[in-house]
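Please look through the sequence and the model shown here. The paragraphs that follow go through some of its helices, the contacts between them and a few residues in the loops.

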Amino acid sequence: MKFGKEFKKQKVPEWTDAYMDYNGLKRILGEILQYKQSKQPPTPMRARHQKLKLRRTFSGLHARSGNLVNSGDIEEQVIDVSTSPRDGSGSGHFYKTNFLRQSEQGGEIEVMFFRKLDQELNKVNNFYYDKVKAVLDEATDLNKQMDALIALRIKVEGKPPPADNAASMPLRSSTSSTARIRKSENADTKVEVDMNDNCRGGCSSGDPEVGPVRTTNYSSDSQEKENLYKCKEDSLEILEHVKINNTLESPFSTLKGVFKDSKDDELRFKKEELKEAEDRLKAVFIEFYRKLLLLKHYSFMNLAAFSKIMKKYEKISFRRASRSYMKIVDNSYIGSCDEVNALLERVETTFINHFSNSNRRKGMKLLRPKAKREKHKVTFLSGFFSGCSFALIVAIVLRIEALNLMDKKEGALYMVNIFPLYSLFGYVVLHMLMYAADIYFWRRYGVNYPFILGLKQGTELGYREVFLLSTGLAVLALASFLANLHLDMGSRHYQKLTQLLPLFSITTLIVLLFCPFNIIYRSSRFFFLKSLFRCVCAPLYKVTLPDFLLADNLTSQVQALRSIELYVCYYGLGEYSERQNKCHSHGIYNVFYFVIAVIPFWLRFLQCLRRLCEEKDAVQGYNGLKYFLIIIAVLIRTAFELKKGTNWLVLALISSAIATAMSTYWDIVVDWGLLRRRSKNPYLRDKLVISHKSVYFAAVVLNILLRVAWMQLVLEFKLHSLHRMTLTTVISCLEIIRRGIWNFFRLENEHLNNVGKYRAFKSVPLPFCYYNEEEDKDD
């Protein structure tokens, strides 16, 4: 693979604009090459004579920096890089290259190349400086968190950490040693971190300006007791200024937070609080370590890009300027800063000692999860289940045609009764297929969907795995439906048994979904169930993007939810034994027929209210109003479906039209960020991940058409029950397809927002809060 493709592939998606513009520099080199070829470059012999002549001409000259140029080194005679201090924020230095051959023919193109190269070097340096400064500040906060955790361990467990163990030291001991700036004439500003001034015993002094308390090997029990007493005193002094940072992660804690007293968050020195603090701080360390790895990779890839582009320049221009410019790059901040590597080593030792019982293999497995590998059996099983699904569909169609079910009244009634039970699986399978297609295109166009959805690294499902699950579920449902059809129409002895086949299928699905064993992608199943539980408990949980994205997708599965209600009626009320569906004759069923249709929109409405209260953003209020209008439209449409009548028809048309218009506008303008008049791409947005603009216009038109399609259910068609059921199924499938398209552009817009703000990390709340410092800041 060429370096350009590898460089593009390994970029952090949210930092794409912060990387060196390798392709832009290559284009300038292409112009240089084209000019050289048009001017018939000299033969190698003539080129050698020209270099010897230039060496004699420039021998003994001084560079602008005042250093003597070596007569045997021609590189200093091609470029001269000046370094000047930069005012304000940034890496501290500004680099500008003076091309010494500008007077030659085509020299203006090479001047443009080095000007662009300097711009990229300055950009990369400034970005790296800001990110390193941020992680150093975060390391200081983590050091305070570790001090509090160690003090809490001493208080709860009654014993200090092992003595003389360097790995037990926190990251950094005090804010006074956070960053010591040292400037030199030939190097950028360096942040020098003292990683060793930490307490070996695990307890530091209360005053951050005073050095940490260091302990030595215990020679007697009295010295050990004395040290334990000192550590307990120090831990009490730390814990007096610390309280638990309440993040309201459960319904109980949310309700408690509404009526809490100001003292409720104080530490109570219990093992439960210690365990909770350890788990939360472990997650903080894992995310912090990931930041450091990405920064290290960012530095490595950019340095490699500068080296590659300079080698290409030498090859094209026949000038040797790589070594002199790479010296400047190596002495720049991104080339000479070692703080990230030092922090990586420190985080590893601290994490291994404090969070994995000094088990390095276990600790590194948590810090560096293995990349997920594509398995051949997934591809094989996907193809196998796909073939089985196709064969089962053909068999079902042939069986229906052989029995002439559609031409018989009894057969049509049978299909009306049995088909809604299996349509649930069809809706779920179609939704999973759309999700698999979304994953495929997210990966193809570089949308970082695992980060946006908060999926754990190494456990996220790819499109192959989702396709495998969907085809496997399709085989289960189709095989059950074919068995039901074959046995029920073949002999009356199996009628009661065959009526239980749909129940067996959905029971199997539920058991596999809640299976506690580590099979069939347990982590992904539990992530889905956790998000579903958080949606159901709205607004008691803080709303995250996966939660409201799942709630939005549930709004497209109203018919699937009604199928679940049909299962309850069909088997709970014994309707399966009557050989026909009489569920609508039960008043309680009709009540829940209304409620089930409203629940997804109601949950989304509550999520909007929660975000409105927390974020104070009027947009969330308008979004909540949209879902409230949809709820009204769904209630009126359901009433019309059950009661009919002209009045209900008019109300259903008006309410549905208002809800559809507002929802369509919100999809395109707010969720997708399109239809911007002053955009670089007319009526789209400034940044697009798909190069073909026609795709966006097609998606807009298709979204409008599919939004309007479900309004056809409002119109009073005098259709046969079988045809009405078919129409409802088709429109429900179209809504699921629309939601799959919506998912792609919704996450694309979210990804571009993250790119614009360089957000590549999750925000993990810290377990401890130093309230004295906050009060001082407020004062």
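Helices α4 and α10 are roughly parallel to each other, a term that applies to angles under 35 degrees, while over 145 counts as roughly antiparallel, 65 to 115 as roughly perpendicular and the rest as oblique. Their axes cross at roughly 20 degrees and come within 11 Å. Axes here are lines fitted to C-alpha atoms, for helices over the stretch in contact, with angles from 0 to 180 degrees between N-to-C directions. Helix α10 covers residues 339-355, and α4 covers residues 107-157. Helices (H or I, at least four residues) and strands (E, at least two) are DSSP runs numbered from the N terminus. This is a predicted model, in which local features need pLDDT of at least 70 and side-chain atom pairs count only at pLDDT 80 or more, while totals for chains, interfaces and linings use all residues. Residues are numbered from 1 along each chain as its sequence is written, and side-chain values use heavy atoms, with hydrogens and water left out.

The crossing of α4 and α10 is left-handed; this means that the near helix is turned anticlockwise from the far one by less than a right angle, and clockwise would make it right-handed. In the crossing of α4 with α10, the residues in contact (heavy atoms within 4.5 Å) include Tyr128, Val132, Leu149 and Arg153 of α4, and Glu339, Val340, His354 and Phe355 of α10. By class, this contact of α4 with α10 has 11 nonpolar, two polar and two charged residues. Ala, Val, Leu, Ile, Met, Phe, Trp, Tyr, Cys and Pro count as nonpolar, Asp, Glu, Lys and Arg as charged, and the others, Gly among them, as polar.

Helix α4 also packs against α8 (residues 322-331), at an angle of about 20 degrees and with the axes 11 Å apart. These two helices are therefore roughly parallel to each other, and their crossing is right-handed. Leu117, Asp118 and Leu121 of α4 meet Tyr325, Ile328 and Val329 of α8. The classes in the contact of α4 with α8 are five nonpolar, no polar and one charged.

Ahead of α8 lies Phe318, in the loop between α7 (271-317) and α8. Phe318 is not a glycine, yet its phi is positive, about 60 degrees. Is this residue buried or exposed? With a relative accessibility of 47%, Phe318 counts as partly exposed; buried means under 20% relative accessible area, exposed over 50% and partly exposed in between, with a 1.4 Å probe and protein chains only.

Further along the chain, Pro539 is in the loop between α18 (522-536) and α19. A cis peptide bond joins Ala538 to Pro539, with omega about 5 degrees. Helix α19 (residues 545-554) is mostly covered, as 10 of its 10 residues are buried; among them are Phe548, Asp552 and Asn553.

The loop between α21 (587-615) and α22 holds Lys616, where phi is near 55 degrees, a positive value in a residue other than glycine. Lys616 is exposed, at 68% relative accessible area. Helix α22 (residues 618-643) has 26 residues, which at 1.5 Å a residue should span 38 Å, and its end C-alpha atoms are 38 Å apart, which agrees. The expected span is 1.5 Å times one less than the number of residues. Just after α22, Lys644 has a positive phi of about 60 degrees.

For the chain as a whole, there are 26 helices and six strands. Of its 779 residues, 47% count as buried.
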